[in-house]
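Subject: Structure for you to look through

Dear colleague,

I am passing on the structure we spoke about, with the sequence alongside. Please open both before reading on, since my notes follow below.

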Amino acid sequence: MVNTRITGRRDRRLTPEDLAALRDSLHEQRLFREEQVRQLTAAPPRTDDPDPRASAARTEVRTEPAASARMVLADVEAALRRLAEGRYGHCHLCRRPIDRAHLMIVPQARYCARCRQVREAGR
């Protein structure tokens, strides 16, 4: 009889192939986010708008996506540093391995499922 608990743990381990694929994915994400930030911040604000409230609203609409893209870019760069340092794939809080399946979907993940739920519940 196969112990599913042990098998489940093996399934969570990252293989060298997994790490290579995740590294490639993170590099692609970094390039995408860098370009996204460039595009979002390159558009100069309009100065000919007679309605200052409308102008402020447009600036906010452009600024929020840029800030979000910068945050994701920082997360991606932090994940690449963890990969380079050999610390990738472990939760920042409890130091347990982060589920392989989750990392395949969100390669910049910092927390395991349990710690992520605790953090989200505290918000």
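To begin with a term that the next remark needs, pLDDT is the predictor's confidence in each residue, on a scale from 0 to 100. This is a predicted model, and over residues 1–10 the pLDDT stays under 50, with one contact in the model beyond four places in sequence for that stretch. Where pLDDT is low, the predicted coordinates should not be read in detail. Across the protein the average pLDDT is 83, and 74% of the residues score at least 70. Among the elements, helix 1 (residues 4–12) has the lowest mean pLDDT, at 45, whereas helix 2 has the highest, at 95.

Overall layout

The protein has five helices and zero strands, so that, read from the N terminus on, the order of elements is α-α-α-α-α. Of its 123 residues, 22% are buried. If one takes the contacts between residues at least 6 apart in sequence, 58% of them join residues at least 24 apart.

Helix 2 and its partner helix 3

Helix 2 covers residues 16–42, which makes 27 residues, and its first and last C-alpha atoms are 39 Å apart, close to the 39 Å expected at 1.5 Å a residue. Its buried residues are Asp18, Leu22, Leu26, Gln29 and Val37. Val37, in helix 2, counts as buried because its relative accessibility is 13%, which is under the 20% cut-off. Leaving out residues up to four places away in sequence, Val37 touches Ala66, Ala69 and Arg70. The C-alpha atoms of Val37 and Leu73 are 8.9 Å apart in space, although 36 residues separate the two in sequence.

A further pairing involves Ala67, which lies in helix 3 (residues 52–85): the C-alpha atoms of Ala67 and Val37 are separated by 8.2 Å, with the two residues 30 apart along the chain. Unlike the buried Val37, Ala67 is partly exposed, because its relative accessible area of 33% falls between the 20% and 50% limits.

The nonpolar core

The largest nonpolar core has 14 residues, and the members that touch the most others are Leu26, Val76, Leu80, Leu83, Tyr88, Cys91 and Leu103. Helix 2 and helix 3 are the elements that give two or more residues to this core, and helix 3 gives the most, with five residues. As for Leu103, its contacts, apart from neighbours within four places in sequence, are with Leu14, Leu22, Tyr88, Gly89, Ile98 and Ala109.

Gln108 and the second largest pocket

Is Gln108 buried or exposed? Gln108 counts as buried, because its relative accessibility is 15%, again under the 20% cut-off. Gln108 sits in the loop between helix 4 (100–105) and helix 5 (113–121), and, setting aside neighbours within four places in sequence, it is in contact with Leu26, Gln29, Val72, Asp75, Val76, Ala79 and Arg82. Two of these, Leu26 and Gln29, are among the buried residues of helix 2.

Gln108 is also one of the residues that line the second largest pocket, others including Asp75, His102, Tyr111, Arg116, Arg119, Glu120 and Arg123. That pocket holds about 370 Å³ of space, and the largest share of its lining, three residues, comes from helix 5.

The loop between helix 3 and helix 4

Two residues of this loop may be worth a look on your screen. Arg95 is found in the loop between helix 3 and helix 4, and its phi is near 70°, a positive value in a residue other than glycine. Most residues other than glycine have a negative phi. Arg95 is exposed because its relative accessible area is 58%, which is over the 50% limit.

Pro97 belongs to the loop between helix 3 and helix 4 as well. Its contacts, not counting neighbours within four places in sequence, are with Gly89, His90 and Cys112. The C-alpha atoms of Pro97 and Arg13 are separated by 7.7 Å, while the two residues are 84 apart along the chain.

With best regards

Note on methods: Residues numbered from 1 in each chain as written. Predicted model: local features only at pLDDT ≥ 70, side-chain atom pairs only at ≥ 80, totals over all residues. Heavy atoms only, no water. Helix = DSSP H or I, 4+ residues; strand = E, 2+ residues; numbered from the N terminus. Buried < 20%, exposed > 50% of the residue type's maximum accessible area, 1.4 Å probe, protein only. Contact = heavy atoms within 4.5 Å. Expected span 1.5 Å × (residues − 1). Core = buried A, V, L, I, M, F, W, Y, C linked by side-chain atoms within 4.5 Å. 1 Å grid on protein atoms, 1.4 Å probe; cavity = no way out; pocket = protein on both sides within 12 Å on 5 of 7 lines; lining within 4 Å. Points joined across faces, edges and corners; volume = space filled by probe spheres on them.
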